[in-house]
Amino acid sequence: MKKYGFNMLWMFYYSGKKPAKPDKKQLDFIAKKGFNYIRVPLDYRFWTKDFDYFNPDESVFDNLDAYLTACRERGLHMSLNMHRAPGYCINNRTIEKHNLWKDKEAQDAFVFLWEHFTKRYKGISSDVLSFDLLNEPPNVGEDGFTRKRHEKVMRRTIGAIRKADPQRLLILNGIGGGGTAIPELADTGVIHSGRGYAPYTVSHYQAGWAQTDDSYVWKKPEYPGLSDGEMWDNAKLREYYKPWLEVEKSGTQIHIGEFGCYNKTPNDVALSWLSDLLGLFREYKWGYALWNFKGTFGIVDHGRPGAKFEDMDGFKVDRDLLELLINNRV
């Protein structure tokens, strides 16, 4: 899947406000630079109140239509991703009433939502729209999650979508936060989406939400260098992605739905790591989407000390990072 672009956080996190409008200026810049892919993470709470999953506020979906129109007008493929689903989100999952891996109501709601989107967008070509079913399922053992339960939910959802619209392009995230391959679902004929965050101590250095142990002391990252006792370099990255290459041999397409480096990592370390990472993606002919466009992981206004910014079309752009992205497309 040779699609290259960015995650856009227009409907990523519900805080009581309406969804953001598509930022057409950003999309113009992205298209002008030759990118062709926009991933849109969604939070179901934008259209659901009090866990009433089966009576969504249809007016909210007009925003999705506007996102799709803005992307299509610029030749950008849009991928809808359920970032917070009924019963599961990798972030702050304790606010959920149900458990996607154990509760039938959450599973029924998950299938219902994707059936709903499928019917809404039936007839829209997969050249311009795909469905990325669930962002970053957890590790085995967390919240009752098992590979079998995950497989059952995903197979059921894929079947329901294909019954309504056989041509829709579908994407499955790896488990374990997106980084672990899922060969048990290689026969589904859907694209598998990996992550570009390893090692975490480089990509998420001093990111407060990433630290679950208050006693953990961040060590200033190096790359190549040691990370939690392991040597991370180009060879280690190749080892990390071997399971994904094995899945690819079965005929499954691979895409990297998220990657990036938080702005506390020293800039020389970030660029060294990203150069190796993107070089592998180019070698493997895998497309990718940076998290995100503007912000602490993006190419615009990320604020990483030592980075050089250049004014481009009204944006302060990290030219070195932008050029890495452009030069590693296939």
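Select Arg 168 together with Phe 131 to begin: the charged end of Arg 168 sits over the ring of Phe 131, at 5.3 Å from the centre of that ring. The model on the screen is a predicted one. A second arrangement of this kind comes into view on selecting Lys 236 and Trp 232, where Lys 236 lies over the face of Trp 232, 5.3 Å from the ring centre.

**Aromatic rings**

Keep Trp 232 selected and add Tyr 4, Tyr 240, Tyr 241, Phe 259, Phe 281, Tyr 284, Trp 286 and Tyr 288, since ring pairs link these residues and Trp 232 into a cluster. Across the model, the count of aromatic pairs comes to 34. Away from the cluster just selected, turn to Phe 6 and Phe 35, which form an edge-to-face pair with 5.0 Å from centre to centre and 70° between the planes. Phe 6 belongs to strand β1 (residues 4–7), whereas Phe 35 is found in the loop between α1 (24–32) and β2 (37–43), so this pair ties together parts of the chain that are 29 residues apart in sequence. Both Phe 6 and Phe 35 are buried.

Next, return to the cluster and isolate Tyr 241 and Trp 286, whose ring centres are 5.8 Å apart and whose planes stand at 75°, so that this pair, too, is edge-to-face. Tyr 241 is part of helix α6 (residues 234–249) and Trp 286 is part of the loop between α7 (267–284) and β10 (287–290), and the pair therefore ties together parts that are 45 residues apart in sequence. Colouring by accessibility is useful here: Tyr 241 is buried, with a relative accessible area of 1%, and Trp 286 is buried as well, with a value of 0%.

**Two helix pairs**

Now display α7 with helix α8 (residues 319–327), and look along the axes, which come within 9 Å and cross at roughly 15°. With an angle under 35 degrees counting as roughly parallel, α7 and α8 are therefore roughly parallel to each other. Their crossing is right-handed. To see the contact itself, show the side chains of Leu 271, Leu 274, Ser 275, Leu 278 and Arg 282 on α7, and those of Asp 320, Leu 321, Leu 324, Leu 325 and Asn 327 on α8.

Move from there to helix α3 (residues 104–120) and helix α4 (residues 147–164), whose axes come within 9 Å and cross at roughly 25°. Helices α3 and α4 are therefore roughly parallel to each other, and the crossing of α3 and α4 is right-handed. On α3, select Gln 107, Asp 108, Phe 110, Val 111, Trp 114, Glu 115 and Thr 118, which meet Val 153, Met 154, Arg 156, Thr 157, Ala 160, Ile 161 and Ala 164 of α4.

Which residues does Ala 164 contact, once its neighbours within four places in sequence are left aside? Centre the view on Ala 164 in helix α4, and the contacts to find are Thr 118 and Lys 122. Ala 164 is buried, with a relative accessible area of 17%. A distance drawn from the C-alpha of Ala 164 to that of Met 1 spans 23 Å in space, while the two residues are 163 apart in sequence.

**Backbone features in loops**

The last stops concern the backbone, and the first of them is the bond between Tyr 223 and Pro 224, a cis peptide bond with omega of about -5°. Pro 224 is located in the loop between α5 (200–203) and β7 (225–227). Another cis peptide bond runs from Trp 291 to Asn 292, with omega near 5°, and Asn 292 has its place in the loop between β10 and β11 (309–312).

Then select Phe 51, which has a positive phi of about 60° although it is not a glycine. This residue lies in the loop between β2 and α2 (61–72), and Phe 51 is partly exposed, with a relative accessible area of 29%.

Is Glu 136, where the tour ends, buried or exposed? Glu 136 has a positive phi of about 45° although it is not a glycine, and its place is in the loop between β4 (129–132) and α4. Glu 136 is buried, with a relative accessible area of 8%.

Technical notes. Residues numbered from 1 in each chain as written. Predicted model: local features only at pLDDT ≥ 70, side-chain atom pairs only at ≥ 80, totals over all residues. Heavy atoms only, no water. Phe/Tyr/Trp six-rings, centres within 6.5 Å; stacked < 30°, edge-to-face > 60°. Helix = DSSP H or I, 4+ residues; strand = E, 2+ residues; numbered from the N terminus. Buried < 20%, exposed > 50% of the residue type's maximum accessible area, 1.4 Å probe, protein only. Lys NZ or Arg CZ within 6 Å of the ring centre and 35° of its normal. Axes fitted to C-alpha atoms, helices over the stretch in contact; angles between N-to-C directions. Parallel < 35°, antiparallel > 145°, perpendicular 65-115°, else oblique. Left-handed = near helix turned anticlockwise from the far one by under 90°. Contact = heavy atoms within 4.5 Å.
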